[in-house]
Amino acid sequence: MTDNSTEATPRFPLKFFTSRPNYHWYVVATVCIGAFMAALDGSIITVALPTIDREFNVNVSESAWVALAYLLTLTALLAMFGRIADIVGRRPLYTIGFSIFIIGSALCGASPTLSLLIGFRVLQGIGATMLQANSVAIVTAAVPQKVRGKAIGIQGSALAVGLSLGPAIGGLLIGFFGWRSIFYVNVPVGIIGTALAAMILPIDLHKDASAKSNFDFLGAFLLAVSLIAFLLGLNQGNDDGWGSPIIIGYFVATVLFAVLFYFQEKRHTSPLIDLGLFKIEQLTWGNITGSLSYGVMYGVLYIVPYFFEDVLHKPSSASGLLTTPLPIGMMLLAPVAGKIADKFGSKLPTVTGMGIATLGTIALIFVDDKTNLLFIIIALFFVGVGMGVFTPPNNSSVMGSTPPNRLGVSSGMLNMSRSLGQSVGIAYAFAIFQGVILIYHFTPKNAPVGPLIAGFKWTFIGVAIFGAVALFISLFRGNVEKVALPEEAHIIEL
């Protein structure tokens, strides 16, 4: 008697995809959709905030929570969802994340009040977190080692495209269809992404099933509170004053909950983040340099538009376009750098990339109101090229040195370090800028340069120091030529 029960059950992923010799590139393409959408939604909101101010009759500090809620959610939950993915599997969590992202997007577009919009941005952020926490891990597990760097580079390019196109796409959508359209457009794209994820993404072979009944909920809570307090302190420090009681309170809470988290992880039998992972040199230094590199990128990316508008007197629409050479440079070089890392290891491209990005930032120190615009564009392009050369090999070295059953949490940590670098870089740049301008109020009137120019110069010096530190670390860290994963992708042959 023949048992046909297996034949009657749908088999996912579909054999149509898994049987192909280039199946792993289908996986990469599917992951790139989620990476693009999550990055796009992080940057597209910036051009919508003035319109949202008018729609709900609120001030800038209130509407800023529409952007901040998404960022806080993303950063606070990345490690948690990375760990959950290691336990239950990356495929189901990624697919569920797409569904939550779609629902959150639709609800954001339909929000009748600012409070509901902020709440639904949290829901949307949860979906985006589930996508981002798993993206690099899925690519690492599914792609053969010989082309893994290239694949991670392509995934990084998708992030860069999302970041760079966000303001431009947002401006067009708002102009033609209103601000709600920037959320509604996610729905059809998300449905396609969810369907592709269900049909294509591989089944995980390396789950940490033993931790399923012993999840570290307290550790997840302590880490989330510490990160949220830290980001709130960074984001509000310039407005409330770095010495104000509330900002000091945020940073005290950051340290307190971080210490409690450390001891919780030491005692828990199945910790959220296995602290033993930090004994892996490439993982530890890769996360540190990755965070510093994004501090450079976002420190430049967020301060340069003010230079275009306040010093060169360009309209805001033009200043947004003039910053695009940076993400374009990253987008163009990321896949190439990944291929170089596949052939020569991670050290050469990480050192070269960080050196180029730092030199591009140093070049910006010398700009003023008489600087040729082309010089600034080239400098920005070099920062982007450096980031494109540095990021994929760095990410590949981190993921390649991670044990297979910890890929999810490692991917979450990598993305968390990126979000922290982004937040620190922005706050750091603006703190220097505002601090220098304040100091100039007490300097002689015949100072060599005005307060604005001085503010920008010292800001770029400060950001370049981030790059120099990352370059120094990259010079003296080891090289990863072969990763801890086997050559074959971790999938089930169907």
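Phe381 sits in helix 17 of this predicted model, and it makes a good place to start. Its relative accessibility is 31%, so Phe381 counts as partly exposed, a class that runs from 20% to 50%. Phe381 also belongs to a nonpolar surface patch of about 510 Å², together with Ile328, Leu332, Leu374, Ile378 and Phe382. Two elements give two or more residues each to this patch, namely helix 15 (325–344) and helix 17 (373–400). Helix 17 contributes the most, with four residues. As you look at the numbering of the patch, it helps to recall some helix geometry: an α-helix has 3.6 residues a turn, so residues three or four places apart point the same way.

From the surface, let's turn to a residue on the inside. Thr73 lies in helix 5, which covers residues 60–88. With a relative accessibility of 8%, Thr73 falls under the 20% cut-off and therefore counts as buried. Which residues does Thr73 touch, leaving aside those up to four places away in sequence? They are Val122, Gly125, Ile126 and Thr129.

Those contacts lead us to the stretch of chain that forms helix 7, residues 114–142. Helix 7 has 29 residues and spans 41 Å from its first C-alpha to its last, close to the 42 Å expected at 1.5 Å a residue. Along the way there is a kink of about 35°, centred on Asn134. Helix 7 is largely enclosed by the rest of the structure, because 22 of its 29 residues are buried.

Helix 13 invites a similar look. This helix takes in residues 281–310, 30 residues in total, and reaches 44 Å between its first and last C-alpha, close to the 44 Å expected at 1.5 Å a residue. Where does helix 13 bend? The bend, of about 25°, is at Ile303, and a proline, Pro305, follows within four residues. Helix 13 has 23 of its 30 residues buried, so the rest of the structure largely encloses this helix too.

Now step back to the whole chain. There are 19 helices and zero strands. Of the 494 residues, 56% count as buried. Taking the contacts with a separation of 6 or more, 84% are between residues 24 or more positions apart. The accessible surface of the chain comes to about 20400 Å², and carbon and sulfur atoms account for 70% of that area. The patch around Phe381, where we began, is made by six named side chains, among them Leu374 and Phe382.

Terms used
Residues numbered from 1 in each chain as written. Predicted model: local features only at pLDDT ≥ 70, side-chain atom pairs only at ≥ 80, totals over all residues. Heavy atoms only, no water. Expected span 1.5 Å × (residues − 1). Bend = angle between axes of the 7 residues up to and from the residue. Buried < 20%, exposed > 50% of the residue type's maximum accessible area, 1.4 Å probe, protein only. Contact = heavy atoms within 4.5 Å. Patch = residues over 30% accessible without salt bridge, like charges linked within 9 Å, V, L, I, M, F, W, Y side chains within 5 Å. Areas by Shrake-Rupley, 256 points an atom, 1.4 Å probe, with all protein chains shown as cover. Salt bridge = Lys/Arg side-chain N within 4 Å of Asp/Glu carboxyl O.
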